[in-house]
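Trainee: I would like a close look at a single part of this model, followed outward into its surroundings. Could you take me through it in one connected account?

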Amino acid sequence: MAKSSRNRRSPLASAGLHATLLIAAVVAVFPPLWLLITSFKPKNDAFSTELVTHFTFANYRHVIADTQFLTWFGNSLVVVGITTVLGVFVAATTGYAVSRFRFPGMRPLMWLLLITQMFPVAVLIVPLYNLMASLGLLNQPAGLVVTYLTIAVPFCAWMMKGFFDTIPVEIDEAGRVDGLNPFGTFWRLVLPLARPGLAVTGFYTFVTAWAEVAYASAFMTGEENLTLAGGLQTFVNQYVNDWGSMTAAAVIIAVPAGLVFAFAQRHLVAGLTSGTTKG
Amino acid sequence: MTDTARMARARRKEAAAAAPPGRVRRALGTHWYAWTMVAPVVLVIGVIIGYPLVRGLYLSLTDANEANVERNIGMNHIPATYQFTGLENYTEILGDDVFWGRLGWTVLWTVACVTLTFSIGLALANLLNRTLRGRTFYRLALILPWAIPAFVSVFTWRLLYNEKNGLLNKLLAGGGIDAVPWLNDPTWAKLSVIAVNVWLGVPFMLVALLGGLQSIPGELYEAAEMDGANAWQRFRDITLPGLRGVSSTVILLSTIWTFNMFPVIYLLTRGGPGDATEILVTYAYRLSFVDSPRDFAGSAAWGVLILLLLSLIAVVYRRSLRKQGEVW
């Protein structure tokens, strides 16, 4: 179909198609691009509409040398790293269990996973804050990690279920015939086949945790404990207006996310489809 | 009583006594690996969601605030003195215009965002789902907003929206148009936050729908073309039904996410100007973490109401899908 319609597409339609896509692409790309441009301008030029006239790394130097940015970055990296590894693993086991086995409690579990996604931050945050306080987990990476797991894992488990549904059951049966127990089958046969799914799940978990604001702002206080979301707020708020540092920090923050994204995007389309249609 | 009857009763008793452990053991034997595999999730969700939920429910029935909860000041431990007040918080909230005002705007915000995001995502997915030059470039460019952490993008938009110096207003000034108070006028602020949220949300829709489109067999379109169906008919009778599974899921998810979209509003306007852009979630957050004294009970009650609303939406939505023949 695609081929025939291209052959018959008139030049006018073709131009319209490209124009629409181009406009959409510009709208999508422009804000991040402008951020990048602004970050190379001297601090006082942050709002000038010209392209860079005095190219400088001053913002980056300032952010890295004079602020706690690197500490925040490290904090975020620890929290998000652990969250991603644990999250992917847990989502995979859960997804596999609900994809392959019919067991009592499966339907309630599926509901639980769906409902968990609609829990508003607001109803949980105060009790969770108190819980973390009484467990001594405030200002600790571990507190944020478990919290982020509950945000990311339900959706990821749904996606992984979709993935496992596309892997033929015969593979499991072959494993069983060869004397593997269910865990062995999962770990050595099925998981390697689900690598695209793992990539998507990992990406989603990473992005969710990397970008979370509400819990991070509430649980992490004290400048040396902040993660990036909280740290960035210290540059531009009602008291200070340091857009230069903000833009430089924002660019640095976006880089790891972009890298993870570049790595996972190949699998994204296939991943989300099987996850959402079969879910 | 005859012997046989007595024996039968004894046997029944024995069976009844033996059945539960036997059944449990058998269930464990059959399902233990499945249960082991889901145990971590259930455990974490139970502790991190279950406990706070129960506790939040309880708090919403009290008058807890910053001044009467358990706390430590220096060396002194002050026990909690808040009291159970029943449904007072709820009657107060439901009798207050603030709640209904916020609810109205939250619904408007959700409907506007989801509709726009879905339509734009669908349109772009359709455009991208054909052979054309530069397809990979367009796809990457369009997905880019997703790759950047939302809070970074939101700060970028604040830079662009800045009333005195932002790029948008400078561009308008170049065209001789007066500065627009993007974030400082209630109406403009509402449009601005919706625009940013749509900008953030389109990539997810685009990717999900693109995947859905690719799973529709091309032969269907060929057959339809042969039968003389025009582009609109093909879209309505093949594309839309083919996308039903994906769209129903992404619309439900996106509704839930948008309803609870905390970072966009909180970081872009802090709910302002005034409380023009305050949705239910940000208002509840403000009650317990921004306003002084922190009103924990009120915030919890708002949270419970939000949860009830969302559950209602989810149930109604699922039911309407099931009526159309979706199985889940």
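Mentor: Leaving aside its neighbours within four places in sequence, B:L209 is in contact with B:G121, B:L122, B:A125, B:L243 and B:V246. This is a predicted model, and every contact described here should be read in that light. B:L209 also stands out in the largest nonpolar core, a set of 156 residues, where A:A250, B:F151, B:L206, B:L209 and B:V264 touch the most other members.

One of the partners of B:L209, namely B:V246, leads to helix 10 of chain B, where B:V246 is among the buried residues. Helix 10 of chain B covers residues 244–259, 16 residues in number, and its first and last C-alpha atoms are 22 Å apart, close to the 22 Å expected at 1.5 Å a residue. Besides B:V246, the buried residues of this helix are B:S247, B:T249, B:V250, B:L253, B:S254, B:T255, B:I256, B:T258 and B:F259.

Seen as a whole, chain B has 13 helices and two strands. Its radius of gyration is 28 Å, well over the 20 Å that the globule rule gives for 328 residues, so chain B is more spread out than a compact globule. Along the principal axes, the C-alpha trace of chain B spans about 105 × 75 × 35 Å. Chain B is divided into domain 1, residues 3–43, and domain 2, residues 92–323, and the C-alpha centres of these two domains of chain B lie 50 Å apart. Of the 328 residues in chain B, 38% are buried; among the contacts of chain B with a separation of 6 or more, 64% are between residues 24 or more positions apart.

The presence of A:A250 among the residues that touch the most other members of the largest core turns attention to the other chain, and to the interface, in which 76 residues of chain A are in contact with 82 residues of chain B. On the side of chain A that touches chain B, helix 13 of chain A (residues 243–278) gives the most, with 16 residues. By class, that side of chain A has 58 nonpolar, 16 polar and two charged residues.

Helix 13 of chain A also holds A:M246, which counts as buried because 27 C-beta neighbours lie inside 10 Å, where 20 or more are required. Not counting residues up to four places away in sequence, A:M246 touches A:L232, A:F235 and A:V236 as well as B:F155 of the other chain. A:M246 and A:Y60 are 186 residues apart in sequence, with their C-alpha atoms 9.6 Å apart in space.

Two further residues of chain A can be set beside A:M246. A:F30, found in helix 2 of chain A (residues 11–39), counts as partly exposed because it has 15 C-beta neighbours inside 10 Å. The C-alpha atoms of A:F30 and A:L191 are separated by 39 Å, the two residues being 161 residues apart along the chain. A:N139 lies in the loop between helix 6 (121–134) and helix 7 (141–166) of chain A, and with 17 other C-beta atoms within 10 Å it is partly exposed. The backbone of A:N139 deserves a check, as its phi is positive, about 65 degrees, although A:N139 is not a glycine. Most residues other than glycine have a negative phi.

Definitions and conventions. Residues numbered from 1 in each chain as written. Chains lettered and ligands numbered in written order. Predicted model: local features only at pLDDT ≥ 70, side-chain atom pairs only at ≥ 80, totals over all residues. Helix = DSSP H or I, 4+ residues; strand = E, 2+ residues; numbered from the N terminus. Buried ≥ 20, exposed ≤ 12 C-beta atoms within 10 Å, placed from the backbone. Rg over C-alpha atoms; globule rule 2.2 N^0.38 Å. Contact = placed C-beta atoms within 7 Å. Expected span 1.5 Å × (residues − 1). Nonpolar A, V, L, I, M, F, W, Y, C, P; charged D, E, K, R; others polar. Core = buried A, V, L, I, M, F, W, Y, C linked by C-beta atoms within 7 Å. Domains from an automatic or database assignment.
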